[in-house]
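I set out to record how some helices and strands are arranged in this structure. The entries below follow the order in which I looked things up.

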Amino acid sequence: MARGMAAAAEIEQEIGLAGDDALVLRNEYFSQSVDASAMEADNGNAWYDAATGVLHLMVATQSPYEVAEVSAVLVSKSKFRLKEVDLKVGYTVGYGTKDHSIFAFFCVVAGLYGDGRPVRLANDRYEQFQMGLKRHAFWMDNTLVVDRKTGHFRIMTGHFKNDGGGRANFSFSVGFVGATAAQSIYYLPKSDFSAAAIASRAVDAGSTRGYGTLQSMSATEMMVDEAAEALGMDAIDLRLKNVFKSGMKNTQGAIPAGALRNEEILLRAREHPLWAQRQAKKAAFDAANPGKRYGVGYGHVQKDYGTGAEAALAALEFDARGQVSFAHVAHEIGTGTTTSQAIMVGDILGRVPDVTEYGKVRWPQMPLETTDEPYTMAQADEDRNSANPRWTPSFTSPMSATNSVYYLGHATRQAAHALVELAIWPAAKSLWSQGIGGGSIAPYFVRREDIRMENGLVNAGGMPPLAFEAVAAEAHRLGLVTGVTVHTFNRWQWAQADFDVPGIGRTRLPVDALALRYGDGATAQTKALMTLDGWHFVDRAAVHYPPAQRNNAGVTYYAPMATLAEIVVDTASGDVTILSHHSIMECGTQVVPELVSGQLQGGLAMGIGHALKEYLPLYEDGPGDGTWNWNRYELPRARDVAVWTQTSEILAPLSETDPPKGIAEVVMIAVVPALANAIAHAIGKRFYDLPITPEKIRGALA
């Protein structure tokens with residue numbers, strides 16, 4: 001800590017001593033409080049059955065396991081007898097506002113005192129504005145030092161403050177993530193970022209989409225654009241000089257995972273007609289349209305996904321008839337996870353599950369213990385706890401941090417791969433080996449990696465295609481593994497463990513806990529192992545958790561997004577009309593392209609609202625007074641978002657083995673600075689407070 005403060009002092013001294021060879025740009029930015037405006041307000045049903053001691057719940061939440069766990073603790077400390085919390089989780093929409101929300105526990109308390117009757121609590125829209133979690137307002141004090149000759153960034157500093165309202169919720173984490181993300185797509189040789197979360201009398205703020213990075217990266221992008229103008233450089237050329245490349249360290253010292261493709265995106269954007277023709281189009285448009293001003297702006301960001309303590313559970317099995325069943329902790333909050341998880345199974349097994357269960361909170365086959373301190377536990381304590389084969393740093397994660405496709409999907413993919421390895425491949429080989437001379441497989445040399453599963457068929461290396469049902473029946477006849485449950489943990493790197501699998505031997509998997517179910521033909525000795533709801537929990541032989549220090553180096557997984565925005569400003573009214581926008585994104589392998597497209601379009605609409613329209617006063621005149629609804633709070637509509645003239649392109653994966661990347665948050669960010677920069681291009685005035693309203697534009701032009 002002392003070394004860090006000393007380095008920060010040296011950086012401030014260097015900024016103060018910067019000479020004429022450096023551009024020193026200092027700006028203060030403000031990003032407003034907004035309502036996430038999920039169409040489904042907070043709600044829940046609760047019924048406490050005193051006769052059985054069962055608390056029945058159905059609540060709108062992004063954190064099902066947390067709700068079940070905290071409800072159990074809450075009731076256990078009351079006068080009410082508790083045998084079980086029966087939580088049913090329905091589909092919901094939250095954008096972060098139903099994560100770590102206190103509303104679910106109001107439902108619990110109401111249910112306990114409901115006199116044995118079911119109770120429903122549901123906010124109306126006024127109540128939702130009054131108490132629903134908001135996006136944090138951010139104040140940002142930024143400095144950027146650029147070498148005038150080379151255009152290379154020397155130093156960037158940012159000191160941020162966010163307003164969390166009266167309850168902390170995720171305010172500290174939001175501030176921290178905003179600070180770690182402030183470098184955006186740039187390599188910074190020297191940097192100093194800090195964040196402070198403050199309590200206030202405002203409505204509570206939470207983990208709303210963007211999670212601090214919307215605020216900090218928008219300011220960075222607006223600042224880079226201004227620096228390019230001051231240096232007389234093309235704004236994309238300046239970005240190319242400073243772009244963060246694979247193998248470089250981020251501001252916390254970590255080297256990001258995999259290939260970073262921001263340079264490729266920048267080159268595509270520079271050649272796009274919106275950018276390449278912007279000056280000529282502006283001159284022609286402005287001359288032909290008195291009182292109107294044309295502008296094009298660019299924004300480019302990369303957003304981390306995940307929390308540094310991602311944990312998940314997934315179970316996948318098939319019966320002797322070949323019916324596939326799948327269960328997962330993930331549940332639907334509008335991102336399409338219940339579709340994508342099933343399709344991930346289908347991509348590996350060649351058929352999607354017949355039966356699915358999402359939002360599952362009871363996992364009797366996984367008798368895991370956790371101290372649930374994945375961020376703060378000392379390394380020595382974690383090493384000691386790891387000796388317990390049933391200990392894990394965290395049991396499971398909520399639906400947050402764009403974590404479903406990569407992190408929660410990792411559990412899905414590992415369960416499916418394990419089932420192929422332990423059941424499908426040996427069962428298929430058994431069928432191909434039947435007959436004279438060792439069957440049809442004997443003349444060929446067929447390897448495990450040759451197996452292909454598509455359209456309900458199993459094939460490999462020219463073998464006769466096998467129906468999945470036939471392979472499943474053979475796996476059961478042989479008593480092979482026919483069900484796999486995995487627990488996964490990621491701290492910016494995957495935990496791995498060794499397991500002694502009956503009939504297979506020592507196996508290393510990128511999971512930290514494993515339970516198996518065996519086929520009908522298993523020996524009595526093997527079946528006797530299945531003591532936990534028909535499952536065999538396999539105590540791991542060894543485990544390798546990522547070092548606790550990993551979290552001090554911040555994030556490693558990034559997804560990038562860039563947006564070009566074409567606008568017209570009416571200089572009399574101050575109105576901004578979006579003519580078109582074009583986005584370029586890289587998300588690895590798309591699981592469901594239609595869902596990616598939907599996320600992209602929805603995120604862009606949210607970003608447009610944040611940049612131009614949406615605003616909540618923080619204190620006495622704000623939503624806490626109970627008078628706010630959508631009659632006062634302006635959301636963008638189809639006419640505001642260039643619904644028919646927006647375009648996008650997704651970079652193709654580098655190979656068929658590229659993993660998918662989480663993009664649900666990044667899709668809304670780049671358009672915010674793109675619009676601010678487009679307005680600056682149009683009227684020659686820069687704005688540092690969001691939203692950029694007609695009133696602010698008229699004032700700047702007065």
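Entry 1, a strand pair. I worked from a predicted model. I looked up strand 15 and found that it pairs with strand 16 (residues 457–460) in the antiparallel sense, over 4 bridges. Within this region I noted that Met-453 stands opposite Val-458 of strand 16.

Entry 2, the sheet. I then asked in what order the strands of the open sheet lie. I read the order 15-16-17 for its 3 strands, with antiparallel pairing. I recorded strand 15 (451–454) and strand 17 (466–467) as the edge strands, since each pairs on one side only.

Entry 3, a helix on the sheet. I next asked which helix packs on the sheet. I found helix 13 (residues 404–432) there, in touch with strand 15, strand 16 and strand 17. I noted an angle of about 75° between the direction of helix 13 and that of strand 16.

Entry 4, a helix pair. I turned to helix 7 (residues 235–242) and helix 8 (residues 262–271), whose axes come within 10 Å and cross at roughly 165°. Angles over 145 degrees count as roughly antiparallel, so I entered helix 7 as roughly antiparallel to helix 8. I recorded the crossing of helix 7 with helix 8 as left-handed.

Entry 5, the contact. I listed the residues that make this contact: Ile-236, Asp-237, Arg-239 and Leu-240 on helix 7, and Glu-263, Leu-266, Leu-267, Ala-269 and Arg-270 on helix 8. I sorted the residues of this contact between helix 7 and helix 8 by class and obtained 5 nonpolar, no polar and 4 charged residues.

Methods: Residues are numbered from 1 along each chain as its sequence is written. This is a predicted model: local features need pLDDT of at least 70, side-chain atom pairs count only at pLDDT 80 or more; totals for chains, interfaces and linings use all residues. Side-chain values use heavy atoms; hydrogens and water are left out. Axes are lines fitted to C-alpha atoms, for helices over the stretch in contact, and angles run from 0 to 180 degrees between N-to-C directions. Angles under 35 degrees count as roughly parallel, over 145 as roughly antiparallel, 65 to 115 as roughly perpendicular and the rest as oblique. A crossing is left-handed if the near helix is turned anticlockwise from the far one by less than a right angle, and right-handed if clockwise. Contact means heavy atoms within 4.5 Å. Ala, Val, Leu, Ile, Met, Phe, Trp, Tyr, Cys and Pro count as nonpolar, Asp, Glu, Lys and Arg as charged, and the others, Gly among them, as polar. Two strands pair if DSSP finds at least two bridges between them.
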